[in-house]
Each structure stands twice: as C-alpha cells, then as structure tokens.
Amino acid sequence: MNNNKQMTFSAPFSGALLTLAQIPDPVFASGAMGTGLAIDPLDDVLHAPFAGVVINIARTRHAINLRADNGSEWLLHVGIDSVELGGEGFEALVKEGQRVSEGLPLLRFDLDHVARHCRSLVSALILLNGDRFTLDPVQASGTVNVGEPLLNVAALARSDDSDSAHDPRAKQARGTIRVAHNGGLHARPAALVRQTARQFASHAELHFAGTSASTDSVTGLMGLGVAEQDEVEVVCLGHDSEVALQALLKALSTPSPDEKPHGIAAIAQTRAASSNEPGILTGVTASPGLASGPMFRLGTIELDEDTGGHRPDEQRQILSEALVQVRTEISASLNHDQDEQSAIFATHLAMLEDPALLDAAVDAIDQGKSAAHAWSQAVLAQCDHLQTLGNPLLAERANDLRDLRQRVLLSLLGEARCVEVPAWAIVVATELTPSDLLMLAECGIGGICMAEGGATSHVAILARGKGLPCLVAMGGDLLDAAQEQEVVLDADNGRLELAPDATRLQAIQALRSQRFEQRQREQQSAHLPALTQDGVAVEIAANVASRADTENAQLNGADGVGLLRTEFLFVDRSAAPTEDEQLAAYQSVLNAIAQKPVIIRTIDIGGDKQLHYLPLPAEANPVLGLRGIRLGQARPELLDQQLRALLRVTPLSRCRILLPMITEVSELIAVRRRIDELAQLAGIHERPELGVMVEVPSAALLAERLAEHADFLSIGTNDLSQYTLAMDRDHAGLAARVDAMHPALLKLIDMTCTAAASKGRWVGVCGALASDPLATAALIGLGVRELSVSPPQVGQIKAQVRELDTRQCQALAQHLLTLGSAAEVRTACNTFQTQVQSKRSA
Ligand code: PEP
Ligand code: MG
C-alpha cells in the first residue's frame, strides 16, 4: 500500500529479522542514528524496500540512502564496519538520483568476503527523518524473504493535528522535575531527552519559564535556557504517556556520566582578565601545553548576497540532499568506542535532524531564499538565541550549530574546507568548530587561540584529546594581531606572547625539546618494569574502559590493566548486554594486553551512573543509595550474568575480579560463594582472584577483616575522597578541595596497607591519585605496590618510581600523616620532589 502519506517497507533481503538493539554496534543499537530494524542477510543483493529515489550511494558502496514517495528517508547499511573494505566486494547497481521500483536490485556484494572481513553482516535499515513518521511493525522477528512486508510507515500530521491528539486511547500525563545535568539542558542532555522520548509513541513537551519545546527538537530544548537545578514541567500525550513521563523525568534528573566537569573543564567560564603587559594577550586555558610558530588566521565561510527568487521545490531538494550527505559523512566518522569525539559528533547528528531548524530553513526557502542562505539564516538565528540565554554552556553549544552551518554550506557549495596551514602554526580564530579542529590537527599545527569560546566547549575537549595547546576567551584584540609573526603560546599559563625576541624563541625551543626528549626517554623505558632505587618493584597498570583503551595501554607499556570499568558495555543501549556479548568484550580486553593481568570491576551502576533499561527507584541521595555491589545484591541476575561471563574468559589465571563499593565483609563472602556455585555449575575448576575496592571509609577501617577473604585490595581514591571529605566529587565549586592528598585519606590508605600486609595481601590504587606524579612517593611510602594510571601516563609514572628510594618515601609518608591539610601535603611533596631532582642532577 503506497500513497502520499503511507507506504510499506518490504524486506530488502532474505534473512533473520532483528531489532535495532540487536545490532552489534553501539551507534546503531542505541538509536543515535534513527529508528528502524536490521536483517542478518542470506542474499548477496540488496533490493529496494519501496519505490523511491536514490539520494546517495556511499563512496565505498556499502550503504545507500533512499527517499520514499511519502518523504521518509532511509539508510540501508550493509554489514558493520563494512566502510573499512573501501568498496571492495560491493557493486552499485543503480545511480544517484535514479528512480527505483520496489524490489529493484540496488547493490550486489560478495557475501563471503564481507562476512570474513567485517565485524558482522548484520545490516541496519534506518529511518533518518523519524520525527515525521510512525513505524508500525508487520512482523518483529523470525526469518523473512525478500519482498515480505516488514513495516507500515505513515507520515505524521504536523503539530496541531498530530496523531497523539486524535488517538482515542491518548491520555495526558504531566510531572515536574529538577534538571540534574551539569550545566543544564545543553546539547548532549537535550539529545538524550530526545532519544528517550523517541522510545515512546506519545508526543512530549518540556515547559519552562512560560515557553515550551517539543522533545523532538534538540535546539528547541536547548533554547529553553534550562540551567542545572531548574525545575521543568514535562507533558506527555499518547496511549503510553505515563511510562514516557517516568522515563523522561528520569532522563532529566540523572546527570550523564560524561558531563562531569573534567579537571581543566571546570575552569571558570569568565573571560580572561586582559593583560597589562605589552605584547601579551591572555586567555583561559582550554588545553595545556607550550608551542611557538607563525600566527595563522582562519576565517569562517561567508556567503555572497542572495539574489532571491529561487524555486522553492528545487531549493528544498538541494537542501535535503546536502543534509543527507552531511548526515552520512558524520555517521561514517563515528567510531565504535564511544569516545568523546564520537559522542560530540553523534550529538551533531541529532541536531541535524532538528525539526525546528529544518522548519525555519524551509520557511526561508518558501520565501524565495536559496538553500544555502536559508540554512545559514536558520542556524545563525538559533545561535543568537542560545547566546542570549545567559548560560555559558548553552552559549558554547552554539558553536556546534555553527559547525553544522559550515558543513552543510560546504556540501551545498560543493567545496571542501582545505586550507594550507603552515607547519607548527598557532591558529587564531573567533571560534573554531569541532570539524575545523579535526582538520587542523591533521595538518600538524602547534596550537590554537580563540577570541571567544569556553573551556568546556566541544572544541576544548577535542583539543585536550589531541594534546594541542589551546587558549579561549581571549577577546577581540586577538583578531587584530599581525599575521605570520612568530608567537609563543604558553597555554599552561594562559598567555600568548606576540613579539618574543630571538632569545625567548630559542628558550622555548629548548624547553620544548627538553620536554619532548624527556617524554621520549620515558617512553623508551616504559615497557620495562618500574623498580625503585633500592630494587622494590611497583606495578604500573592502566585504567581502561574498552578494548581500544587497552590497546593504547599496551602500546604505552602498562604492566597490565589495573581497572576495567565495565560500565561502558551497559550504557547507551536499550537492553543489558547478553552473557556472550560480555564474554566477547572481556576476552577482547585480555587479548589486547597479552600475558598481563587484567582486573575487571563488576558493574558499578547507580549513584551518578544510570541505565534506561534498569529502572531503579528515585533516591534522595543516589550516591549514598543503591550503587556498586549493593545493586548486585538488589538485582542478583545482573551480577550472576556478569560473573558467568567472567568465568568463561581464558586464561582465567589472568582475570582478576574487583568488587566496587564494598562496605562490609559479608558482601565479599557472598560474592565469593556465588562465584564458587556458578563455576561448579559450569564445570570450571579454576577460580579467578577476587579483590575489593576500598572506596568508602568503612572498607579502609575493616581492611584487616577484608584482607582475610580477598586476594588483593584496590583503593578508589575518587570515591574515597568523596565519602571521607563529605564533598561531592562532581561539585564544580568544590573541585579544588576534593583532593585525595588530604591527610585524612592518607591515614586511611596507611591503615589499608598495614592491614593488608599483615595478611600477606597486596594493595593498589586505581583512583585518579595514582596518575598524579606528585603523589607517587607518598603512595609508595605508605606501602602501595600497584598504581593503575591513565594509559598515556604509564611512562611518566614509571620514570618517577625509578627515582625513588622506598626508605625515603616511608619517611616522607610518616611526616605527611602528621599534617593538617591537603595543601600542606602538596607543599611537602613538592619539597621532597625538588630534593630528589637536585640529588639526581648533582
Ligand atoms: C574511584 O572511586 O576511585 C574509582 C576508581 O572508581 P570510579 O571513579 O569509577 O568511581
Ligand atoms: Mg568509585
């Protein structure tokens, strides 16, 4: 059945029909790219699932975009990671722009080749503009044959006569909630709200301060200007309005784990105080480092004046094709490790589908504007609005919209943003976009200075990830500075030196080479064991959250994995991972760091980390509630499944299980007993080592009893600081005071090490304190013998260990235990470090 509004989507191949959540790829499975379904194909030909027009064929021919006559746009994507085949094994049987009838062959592929060289043959069939259509499954699972009807796709009536309003079963549900997201409803939380709302049939809106926005519109939600702790009203209309409301209230009141202030990101948002020193401009450090090089100014894309009088239907078509192209490019650039970069661009993808933006652009087109001007005008109006809301984080997200303006304009104008940037250039701009930054990082620039922007912007996050020094909020004077002159960017101290003399430039060069050589030296011996001067071995392992992190840890010389946070497997998906999926993930981590031990922590969900598919009761103090091992007790089937998967990894002798948030011995004994039962049921004779995290004071105080039953203890200084100092670890205002160098924490660490030693157990530290070189001597002096650090720091911490003598470290530690504040401890550690360094150079 096909008419203007409705059509049937038929099976494009024969094979097993799967839901989106079953796709073995987090980006597709989470619905970030849109709703739809998947097929594990048995045929080697992809057929048209409906009559329509080919809008785009991927350069590598593994995916095709089709538009149906009812306006729905679909991505038909063969296999997972098939883009990496570079087109090998794929043949396109149609051309872009071609009209196709239902069932017409679109692509032929070599089934064997794709199956052998890709992660999976499972093919995603994704509705890209899902906010305008409803999908009604004809069948949901089983084996299907080509041409069998799978979905009825109907166009939604626009706002005022929406389906929800006419559905006789429709009920209204409303509720209010305080928004817990750090910085309020900015891009990523808004995208999360949209994604949550899309799981339900109900139409949902947020009301705040006399205005409202549909949950379909990321920019509309951002445009409400909701700050952290603001109260919003959620209104849902539809037959599932009650469940939709509960899910949305939860999404709004649960801060996302990736939105915590990041050390540097917590820097004040204020414009940097201007410098009185001549020839010096100051800014806010968004990414530390030191660089020198020629100044290079990067401008934005400007459009010529619009002559007007364009044909709206033609311009709409042009814009729609450009949007599909950009969407496909962004989707192809997302990787599967859910790192910062992918998260940022997945948000761009959601913004690109934003109905508020699209409507504004289409309205401008209908008034005779060209597609380029209409798109530019729609985006800039939204940017202006975000900037007037008085919320710095929302104002920074306007830059993500400017990125989309630029990308779509480049596609419309048929240009690529290729700029000839001199090597080591210090790039200057009003504000760079995330795509600009990735392009510049490829060119080998030295650093970045922006007149505007903030330290929590996506560009700042990416610059830190790439190790590029970056200053932001430098003011308009920056743009008046002469081009091509040699400058010094000292991002560590927030300074740009406009006229360094030859001596200064030489000094910078010397300092840079010194740092570079030191890093090289550290890296050269990073793969060797770390022994103190008096021959005591300290294991330097790495904290990881994925296979890719583990590969990085191995490259950086880690002696093992000291903490695998398994939450990465459970978040951003609609159902818990199966036992087999978990086994594959854990095994891939063991394989990535051959012959070395891997400590895998059981799931630490609850508190600040929540799962959509695991509804937990709302708690007044989630951080003091059902989290860590307590969740395992409340939901034993979840912990059992994880333990069963862990017992199946090989070799089991390399796998050590770590339990989070242990507060008393019975919790440990119960898990040890359960491991025995599960192993016996599975006929497994070997047992993995079992350790506990010491991250609440009661565990440190009970360390001796715990050590009787545990094989090792690992101190989580992040939570131990929070629970000892009674300061929220994510509280931006307290960030500087939640310092694990506090003498009270050192006393708990001392107590833990002494108790563990009396029972012959070893103690490690896996919290962030382990990565702080200033703390290495103190921790060794207290008796810690394993430090689990962030992968790039393995070489540095190993080098630090090699300079120390344990007896001197013990003397230092005893002195630190007598002090009264973290500041005093840091001063004493600095003095100690200076003495060690001067002895070395003497
Ligand atoms: C800690 O609390 O120090 C720790 C390592 O665990 P997480 O940071 O994952 O809570
Ligand atoms: Mg913790």
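So, strand 28, residues 537-544, and strand 29 run parallel, and 3 bridges join them. When I say strand, I mean a DSSP run of E with at least two residues, and a helix is a run of H or I with at least four, both numbered from the N terminus. Two strands pair if DSSP finds at least two bridges between them. In this pair, A542 has V561 of strand 29 as its bridge partner.

Before I go on, a word on what we're looking at. This is a predicted model, where local features need pLDDT of at least 70, side-chain atom pairs count only at pLDDT 80 or more, and totals for chains, interfaces and linings use all residues. Residues are numbered from 1 along each chain as its sequence is written, chains are lettered from A and ligands numbered from 1 in the order in which they are written, and side-chain values use heavy atoms, with hydrogens and water left out.

Okay, back to strand 29. Which strand does it meet besides strand 28? Strand 29 is also joined to strand 30 by 3 bridges, and those two run parallel as well. There, L564 stands opposite I600 of strand 30. Strand 29 covers residues 561-565, and 4 of its 5 residues are buried. Buried here means under 20% relative accessible area, exposed means over 50%, and partly exposed is in between, with a 1.4 Å probe and protein chains only.

Now the ligands. How many residues surround ligand 1? There are 13, and the closest are R565, R601, G716, N718 and R729. A residue counts as near if one of its heavy atoms lies within 4 Å of the molecule. Let me pick out some polar contacts, meaning pairs of N or O atoms within 3.5 Å; within protein, one must be able to donate a hydrogen and the other to accept it, and residues adjacent in sequence count only if both atoms are side-chain atoms. R565 puts a polar side-chain atom 2.7 Å from an oxygen atom of ligand 1. N718 uses the backbone instead: an N or O atom there lies 2.8 Å from a ligand 1 oxygen. And D719 has a polar backbone atom 3.0 Å from an oxygen of ligand 1.

D719 shows up again at the magnesium ion, which is ligand 2. Which protein donors does the ion have? They are E695 (OE) and D719 (OD), 2.1 to 2.2 Å away. E695 sits in the loop between strand 32 (689-694) and helix 22 (697-701), and D719 in helix 24 (residues 717-725), so the pair ties together parts 24 residues apart in sequence. Donors are N, O and S atoms within 2.8 Å of the metal, or 3.2 Å for Na, K and Ca, and since water is not among the atoms, sites may look incomplete. Both E695 and D719 are buried.

D719 has yet another role to mention: E567, R601, D604, R627 and D719 are linked in a network of salt bridges. A salt bridge is a side-chain nitrogen of Lys or Arg within 4 Å of a carboxyl oxygen of Asp or Glu. Inside that network, R627 and D604 meet at 3.0 Å, N to O. Both lie in the loop between strand 30 (598-601) and helix 19 (629-634), so the pair ties together parts 23 residues apart in sequence. R627 is buried at 2% relative accessibility, and D604 is buried at 1%.

How many salt bridges are there in the whole structure? The search finds 35. Another one is R67 with E73, where the closest N and O atoms are 3.1 Å apart, and both residues are buried. Then there's E497 with R504, at 2.7 Å, N to O. E497 is buried at 6%, while R504 is partly exposed at 30%.

Last stop, two more sheets. One is an open sheet of 3 strands in the order 1-14-12, paired antiparallel. Strand 1 (6-10) and strand 12 (133-137) are at the edges with a single partner strand each, so one side of each has no neighbour in the sheet. Strand 1 and strand 14 (residues 149-155) are joined by 5 bridges, and F9 stands opposite L151 of strand 14.

The other open sheet has 8 strands, ordered 9-5-6-7-11-3-2-13, again with antiparallel pairing. Strand 9 (99-100) and strand 13 (142-144) stand at its edges, each with a single partner strand, so one side of each is left without a neighbour in the sheet. Within it, strand 2 (residues 15-19) and strand 3 (residues 35-41) pair antiparallel over 5 bridges, with I39 of strand 3 as the bridge partner of L17.
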